[in-house]
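Here is a walk through one protein model. Keep the sequence and the structure in view as you read.

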Amino acid sequence: MKRESAGSLRPADAGRRVRLVGWIHRVRDHGGVLFFDLRDRSGICQAVVSPSDAAAGIAGKLRAEWIVAVEGTVRLRQEGARNPKLPTGDVELGDVALEVVSESDAPPVLPSSTDVPDEAVRLRYRFLDLRREEMQRNLTLRHRVLQATRRYLDAGGFLELETPMLTRSTPEGSRDFLVPSRLQPGAFYALPQSPQLFKQLLMVSGFERYFQVVRCFRDEDLRADRQPEFTQIDIEMSFVDQEDVLSLAEGLTRALVAEAGWELALPLQRLTYAEAMARYGSDKPDLRVPLEIVDLSAFAASLDAPFVQSALAGGGVLRGLRAPGGASLSRKQWDELSGQIERFGLRSVPYIALAEDGLRGSLAKAVPPASQEALCQALGLEQGDAATIIAGPEEPTSLALGVLRLAFADRFSLRAPGHRFVWVTDFPLMEWSDEEGRAVSRHHPFTHPSPEDVDRLEAEPLAVRAQAYDLVLDGNEIAGGSIRIHERPLQERIFRLLGLSAQEAQEKFGFLLDAFRFGAPPHGGIAFGFDRLVMLLCGAPSIRDVIAFPKTAKGTDLLTGAPADVSQVQLDELHLGVKAAKEPER
């Protein structure tokens, strides 16, 4: 008899004899009558074995996660015994014959349990963790979103083309994972951080519309939404401008989120980078939070606070942020908030609170009575609210207020339901790196500057805007891209500004510069962080919950034990030696 799916049985199948094969999800003994749930990828079906049934002897030995083959007759469950939580909850299997296919030890991760083990246990026994309903659901949605990607882009005339996994290391990015060459001693490949240069070359090659669901690698510090290897939907288009790329990306986004049951109205909201920083203190603002930063420069002269006057004298700004209900915060709680913004050079969170008896708080005495009403009105304060007021250099002030904005949202449950998408455009082309002591690319050195700003490249490089754009969902960047440079002279100018000599540029990027000599079309593209997008669609707390076999926050694979030592023979073949690890300072 052909095997059928456990989750497919319905009342219309009553009377049919069927064969199921799957895992024992749960066993229940009701006075000699055994009920067990059989699980496969499609779902769960209940089977019943009476003491008089031939299968009673075997059924009494069944344990969780054994694999059994069950042949039985589909029948309707009795009234009061139906389970509306299951698609198969109206039926069960009776008159069953059983065959044990595979036994199981007591599993350290039990798929039927609502108690989720420690993540280290989950990752060590990932093959068991993946049997849990939540993980099966997450990875099924991942599959559906992936297929929707291919359908949408194929219908739009895109070709799915593959680019190399072994390439050369290039500057202006995160740290590369290096792969030693056995045949070229002392030389190394690099695993790609993205297919950036190859997809640009495909545009020069005349393919016009390319995409790839590609694995990328970055040797960087990890967070809940990062992995050393990750998947992105990579897209490049010729003969387009920024509007063309954004329109394509919006249509694709709508198709992908529909797989999770979301509806998306187009076009999406847009903010320039400057607007996002001034209003929300972030280049990836969470627009579910209904708080905006307020410019308080009109009150600069009236605030009798030394830190305000000192900051403004140095060319700084004065900005504030309302905390609805913040008057309930104690001084200790404000001090705790200060710990979140110390990295921006702020030792405390200056604040005022509007109580029944007027203003109070660390800044209350600095606000003259004549300015109090106007200041409260500018901040939108109502009785019971508070606000922080910060003065300092523009960028760290905005970033600090952006952090506090999210802290207020968490403390006072301010996030609106639903989801908010927004484009952030017009990023700076370059930014200053204190670590390197020079200007570096904000995104990458192949991003085209805004045409209006090209003439300012040498005179004011940090003021030049880029034709770069990020798509943000609920405070998370899910896609980013740019219009690319396709003119060799402009690309060489950018390399010079980044400190690369003509010889270095030719050594590292000569193949791209040479390609630009032979009719390179204007082109641009975008890449979606696929793991992060699926994480948000699933409502999962970490991308590890939407990747089949992820690494830990330290980049280790607890299932296989990677990374691991290799034999001396392997090292000798690669002409490599291993230096002893540096002892930590005491």
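The paragraphs below take up a sheet, then a residue in one of its strands, then a pair of helices.

This is a predicted model. Begin with the sheet. It is open and has eight strands. Their order is 7-10-11-23-22-21-18-12, and the pairing is mixed. Strands of a sheet pair through backbone hydrogen bonds, either parallel or antiparallel.

Which strands stand at the edges? They are strand 7, residues 159-160, and strand 12, residues 269-272. Each has a single partner strand, so one side of each is left without a neighbour in the sheet.

Take the edge at strand 12. Its partner is strand 18, residues 421-425. The two run parallel and are joined by four bridges. To find the register, look at Gln 269: its bridge partner in strand 18 is Val 422.

Now go to the other edge. Strand 7 runs parallel to strand 10, residues 209-217, and two bridges join them. Here Leu 159 stands opposite Tyr 210 of strand 10.

Step inward from strand 10 to strand 11, residues 229-238. This pairing is antiparallel and extends over nine bridges. Within it, Val 213 has Ile 233 of strand 11 as its bridge partner. Strand 10 thus takes part in a parallel pairing with strand 7 and an antiparallel one with strand 11.

Stay with strand 11 and find Ser 238. Is this residue buried or exposed? Its relative accessible area is 8%. Buried means under 20%, so Ser 238 counts as buried. What is Ser 238 in contact with, leaving aside its neighbours within four places in sequence? The list is Met 203, Glu 208, Pro 521, Pro 522 and His 523.

Turn last to the helices. Two packed helices are described by the angle between their axes and the distance between the axes. Consider helix 4, residues 133-155, and helix 14, residues 530-538. Their axes come within 10 Å and cross at roughly 125°. The two helices are therefore oblique to each other. Their crossing is right-handed.

Which residues make the contact? Helix 4 supplies Asn 138, Leu 141, Arg 142, Val 145 and Leu 146. Helix 14 supplies Phe 530, Asp 531, Val 534, Leu 537 and Cys 538. By class, the residues of this contact are seven nonpolar, one polar and two charged.

Note on methods:
Residues numbered from 1 in each chain as written. Predicted model: local features only at pLDDT ≥ 70, side-chain atom pairs only at ≥ 80, totals over all residues. Heavy atoms only, no water. Pairing = 2+ DSSP bridges. Axes fitted to C-alpha atoms, helices over the stretch in contact; angles between N-to-C directions. Parallel < 35°, antiparallel > 145°, perpendicular 65-115°, else oblique. Left-handed = near helix turned anticlockwise from the far one by under 90°. Contact = heavy atoms within 4.5 Å. Nonpolar A, V, L, I, M, F, W, Y, C, P; charged D, E, K, R; others polar. Buried < 20%, exposed > 50% of the residue type's maximum accessible area, 1.4 Å probe, protein only.
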